[in-house]
Amino acid sequence: MTAQHQARPEHPSDTAGEAGPDRRTLLRGAAVVGAVGVAGVAVTACTTENQPATPHEKKLLDGPVTVGRSDDVAVGKGKVYTDTSIVVTQPAKDDYKAFDARCPHQGCLVTKVDQGVIQCQCHGSQFSMNDGSVVRRPAKRGLTPLPVTVANGEIVVG
Ligand code: FES
């Protein structure tokens, strides 16, 4: 057999001592790639970017939505309408605000309005009831404001 026709190793571990990665190194690399891949999927599953329209978004695309009665929302308070995923506040008398109730952190619905802030209990984010801006992280973006009017005692959003 000439030097040009040397037998190729049957198994990567047969090359022990040669330059290049051994079997153990390759397996460690595969484990790291696998872990990063799983983490990437987990992060993707938790983000709200590029998600399809929710039922309330579809309704809003069709036109304004009546979410409830104005007297459901006291001055300085707010109400989360889970059926439409909209939160409405009244920071000052007859000054109603509406926001998309999906938390921009990871998409939970905000749960309540208390002590002047809109609260998400999934991870503790809080938002201003005046403009939806972040009061407390982990959310980095505020709630999305929605147009709101009150007509004949009913709150209309969109
Ligand atoms: S989803 Fe609201 S704080 Fe995390």
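Colleague: What share of the 158 residues of the chain counts as buried?

Modeller: In this predicted model, 30% of the 158 residues count as buried. The chain has an accessible surface of about 10200 Å², and 53% of that area belongs to carbon and sulfur atoms.

Colleague: How is the chain built from secondary structure elements?

Modeller: The chain has 2 helices and 11 strands. Read from the N terminus, the order is α-α-β-β-β-β-β-β-β-β-β-β-β. Among contacts between residues at least 6 apart in sequence, 44% join residues at least 24 apart.

Colleague: What is known of the predictor's confidence in the chain?

Modeller: The mean pLDDT is 75, and 61% of the residues reach 70 or more. Over residues 1–50, however, pLDDT stays under 50, and the model has 14 contacts beyond four places in sequence for that stretch.

Colleague: Why is Gln126 called buried?

Modeller: The relative accessible area of Gln126 is 18%, and buried means under 20%, so Gln126 meets the cut-off. Gln126 belongs to strand β7, which covers residues 126–128. Beyond its neighbours within four places in sequence, Gln126 is in contact with Val117, Ile118, Gln119, Ser133, Val134, Val135 and Arg136.

Colleague: How do you know that Cys108 and Cys122 form a disulfide?

Modeller: Their sulfur atoms are 1.9 Å apart, and the cut-off for a disulfide is 2.5 Å; the pair therefore qualifies. The count for the structure comes to 1 disulfide.

Colleague: What makes this disulfide of Cys108 and Cys122 left-handed?

Modeller: The torsion about the S-S bond is about -95°, and the disulfide is therefore left-handed.

Colleague: Which parts of the chain does the pair of Cys108 and Cys122 tie together?

Modeller: Cys108 lies in the loop between β4 (95–100) and β5 (112–114), while Cys122 lies in the loop between β6 (117–119) and β7, so the pair ties together parts that are 14 residues apart in sequence.

Colleague: Why are Cys108 and Cys122 called partly exposed?

Modeller: Cys108 has 22% relative accessibility and Cys122 has a relative accessible area of 41%. Partly exposed is the class between under 20% and over 50%, so Cys108 falls within it, and so does Cys122.

Colleague: What are the classes of Cys103 and Cys120, buried or exposed?

Modeller: Cys103 is buried, at a relative accessible area of 2%. Cys120, at 3% relative accessibility, also counts as buried. Each value is under the 20% cut-off.

Colleague: How many salt bridges does the structure hold?

Modeller: The structure holds 3 salt bridges. One of them joins Arg102 and Asp100, at 2.8 Å from N to O.

Colleague: Why is the meeting of Lys93 and Asp94 called a salt bridge?

Modeller: The N to O distance of Lys93 and Asp94 is 3.9 Å. The rule asks for a nitrogen of Lys or Arg within 4 Å of a carboxyl oxygen of Asp or Glu, so this pair satisfies it. Lys93 is exposed, as is Asp94.

Colleague: What makes the pair of Lys97 and Asp95 a salt bridge?

Modeller: The closest N and O atoms of Lys97 and Asp95 are 3.6 Å apart, and the limit is 4 Å; the pair is therefore counted. Lys97 counts as partly exposed at 25% relative accessibility, and Asp95 counts as partly exposed at 30%.

Colleague: How do you know that Asp100 is buried?

Modeller: Asp100 has a relative accessible area of 8%, and buried means under 20%, so Asp100 is placed in that class. Asp100 is thus a buried partner in the salt bridge with Arg102.

Note on methods:
Residues numbered from 1 in each chain as written. Predicted model: local features only at pLDDT ≥ 70, side-chain atom pairs only at ≥ 80, totals over all residues. Heavy atoms only, no water. Salt bridge = Lys/Arg side-chain N within 4 Å of Asp/Glu carboxyl O. Buried < 20%, exposed > 50% of the residue type's maximum accessible area, 1.4 Å probe, protein only. Helix = DSSP H or I, 4+ residues; strand = E, 2+ residues; numbered from the N terminus. Contact = heavy atoms within 4.5 Å. Areas by Shrake-Rupley, 256 points an atom, 1.4 Å probe, with all protein chains shown as cover. pLDDT = per-residue confidence, 0-100.
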